[in-house]
Amino acid sequence: MTDFATFVNIIIDELTKEGRKHTAETRKYSANRLLMFMGDKPTPMDKWDDLFVLDYETWLKTQGLSASTTAFYLSQLCAFYKQAVKKGKIQEHDIFRLVNKTPAPKLAAQQFPSIAELRYLQTLNLNKSQDFARDMFLFSLYARGMNYVDMAYLKKSNVKDGMLTYISHTSDNNPAVTIKWDKAMQQIADKYTSDTEYMFPIITKEGNADETEQIKRSRHNVVYNLRSIGKQYKFSVSPTIAMTKGLWRKIMDEVSVSEVI
């Protein structure tokens, strides 16, 4: 019999030791949801079947969760299942055949600030908190949509010979990402000095157990200040870190080759 709670603790410990703290936090969060579903008499992992998964999906929907959130929890369940199979804890069966663990695509087109607004954003005289939020937004955009967790863990040593190379902390088995380190990125980095190895003052105490909480608080403040900038200066769409990957792609689609090279 394979106890899920015990197995989860092993997985979270492994992820934490590997430095993949965001993934560990996500696994822990989704595991708690599954344990809540199973209640006082949890179903051993080797007893999971297609009806168990279907019951979990139904239960998630009764909690008032959206289709995309339900799909997220099902994808996390699938990740746990595959890890258990890989470790030889259980035998693999097609237990997800009755559910959809892939979020439905968003139908509404994403809206972005205009190029003129982005240029205007660069010129604004902002307070310290707003200035940091603007810098994180622009850096994320320059870095092709780097997410906030990866910016938090970005180290000064990630920059070498004019290139920025990093491995994402937000998903498993990601290859290294390498992009050109340009002047605008350097100008932002030069504004922030730290006694730690990190580039930005998001994680302020290395090795601290609450690194995840530090990132959450910092991201919350950045989200709040970007929203306040959008409202204060009447942007058509308030800038967000979440939009930078899509915005970068949109800008690059619209720029002619001659402007790039």
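Start by selecting Y73: at 4% relative accessibility it counts as buried (under 20% relative accessible area; exposed is over 50%, partly exposed in between, with a 1.4 Å probe and protein chains only). The model is predicted, so local features need pLDDT of at least 70 and side-chain atom pairs 80 or more, while totals for chains, interfaces and linings use all residues. Residues are numbered from 1 along each chain as its sequence is written, and side-chain values use heavy atoms, leaving out hydrogens and water.

**Aromatic rings**

The structure holds 17 aromatic pairs. Rings of Phe, Tyr and Trp (its six-membered ring) pair if their centres lie within 6.5 Å; planes under 30 degrees apart are stacked, over 60 edge-to-face, the rest tilted. Add Y29 to Y73. This pair is stacked, at 6.3 Å centre to centre and 25° between the planes. The two rings link distant parts of the chain, 44 residues apart: Y29 sits in helix 2 (residues 21-38), Y73 in helix 4 (residues 67-86). Helices (H or I, at least four residues) and strands (E, at least two) are DSSP runs, numbered from the N terminus.

Now select F4, F37, W48, F52, Y56, W59 and F80. They form one aromatic cluster.

**Strands**

Move to strand 2 (residues 163-166). L164 and Y166 point to one face and are buried. M163 and T165 point to the other and are not. In a regular strand, side chains alternate between the two faces of the sheet.

Show the partners next. Strands pair if DSSP finds at least two bridges between them. Strand 1 (residues 159-160) runs antiparallel to strand 2, joined by 2 bridges. K160 stands opposite M163. The hairpin of these two strands has 2 residues between them, and D161 takes a positive phi near 55° there. On to strand 3 (residues 177-180): 4 bridges join it to strand 2, again antiparallel. Here I179 is the bridge partner of L164.

**Nonpolar cores**

A nonpolar core is a set of buried Ala, Val, Leu, Ile, Met, Phe, Trp, Tyr and Cys residues joined through side-chain atoms within 4.5 Å. Which residues have the most contacts inside the largest one? Select M136, F137, F139, Y148 and F200, in a core of 42 residues. Helix 6 (128-142) supplies the largest share, 7 residues. Strand 2 and helix 9 (211-232) are among the elements that each supply at least two.

Centre on F200. Beyond its neighbours within four places in sequence, F200 is in contact (heavy atoms within 4.5 Å) with M136, F139, M151, L154, I188, A189 and Y192.

Last stop: another core lies apart from the largest, with 29 residues, including F7, A31, M45 and I90.
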